[in-house]
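Student: Could we take a close look at one part of this structure together? I would like to see how that part fits in with the rest.

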Amino acid sequence: MRAFRTYHDPEVALWVKHLTVDFSNWFLENVGVDHQITIRLRAAGSLKTSTGLAAACFGLRNGKPCIWVATWWYYWREEGKVKNRQEARDEILDSLAHEFAHYDKWRRGAARNHRGLQRQVDSMIRQFNYAQGA
Ligand SMILES: [Zn+2]
């Protein structure tokens, strides 16, 4: 069984797909995955979630872990001002790491909240960027 099933809308940029695959594989090797995770990259400005609009989200679908990312949010967040690619990359990576950290809490049976989450996110991003030479 593959650790990840990744789907993307056709408009999603290639580099966003590559970043997602690279980070997913880094997470698999360095943190660990106990389930098959479905990742959906949407060419949308936001996602509708149970708690409102979000740029990214972790949740269960039919009991299976899923991560959604609204990739266009990163380009258009500031009233039509297109961000540069480095800014967009950093923000997408931050959201990916955030949602993977939610998965990690869930898989460990920890409470579903943000306690300790940001520290793990920062640490994962540092290690991932170092491994990428970025
Ligand atoms: Zn969160």
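Student: Which residues in helix 3 are buried?

Tutor: Happy to! This is a predicted model, where local features need pLDDT of at least 70, side-chain atom pairs count only at pLDDT 80 or more, and totals for chains, interfaces and linings use all residues. Residues are numbered from 1 along each chain as its sequence is written.

Here is your list: Ala 88, Ile 92, Leu 93, Ser 95, Leu 96, Ala 97, His 98, Glu 99, Phe 100, Ala 101, His 102 and Tyr 103 are buried in helix 3. A residue is called buried if 20 or more other C-beta atoms lie within 10 Å of its own, exposed if 12 or fewer, and partly exposed in between, with C-beta atoms placed from the backbone. Helices (H or I, at least four residues) and strands (E, at least two) are DSSP runs, numbered from the N terminus.

Now the helix itself. Helix 3 covers residues 85–107, which makes 23 residues. From first C-alpha to last, helix 3 reaches 32 Å, close to the expected 33 Å; that expected span is 1.5 Å times one less than the number of residues. Just after helix 3, Gly 109 has a positive phi of about 75°.

Let's zoom in on Tyr 103, which lies in helix 3. Tyr 103 counts as buried because it has 20 C-beta neighbours inside 10 Å. Setting aside residues up to four places away in sequence, Tyr 103 touches Ile 37, Phe 58, Pro 65 and Ile 67; contact means that the C-beta atoms of two residues, placed from the backbone, lie within 7 Å. Ala 44, by contrast, is 59 residues from Tyr 103 in sequence and 22 Å away in space, C-alpha to C-alpha.

Helix 3 also takes part in the largest nonpolar core, which has 26 residues. Such a core is a set of buried Ala, Val, Leu, Ile, Met, Phe, Trp, Tyr and Cys residues joined through C-beta atoms within 7 Å. Ile 67, Val 69, Leu 96 and Ala 97 have the most contacts inside this core. Helix 1, strand 2, strand 5 (56–61), strand 6 (64–70), helix 3 and helix 4 (117–132) each supply at least two of its residues. The largest share, 8 residues, comes from helix 3. In soluble globular proteins, nonpolar side chains tend to be buried together. Val 69 is a good residue to click on: leaving aside neighbours within four places in sequence, Val 69 is in contact with Leu 41, Arg 42, Ala 56, Ile 92, Ser 95 and Leu 96.

What about the sheet? Its 4 strands form an open sheet in the order 1-2-6-5, with mixed pairing; two strands pair if DSSP finds at least two bridges between them. Strand 1 and strand 5 stand at the edges with a single partner strand each, so one side of each has no neighbour in the sheet. Strand 1 (residues 4–8) and strand 2 (residues 37–42) pair in the parallel sense over 5 bridges. In strand 2, Ile 37 is the bridge partner of Phe 4, and Arg 40 is the bridge partner of Tyr 7.

Finally, look at the loop between strand 5 and strand 6, where Asn 62 lies. Asn 62 counts as exposed because it has 6 C-beta neighbours inside 10 Å. Its phi is near 50°, a positive value in a residue other than glycine.
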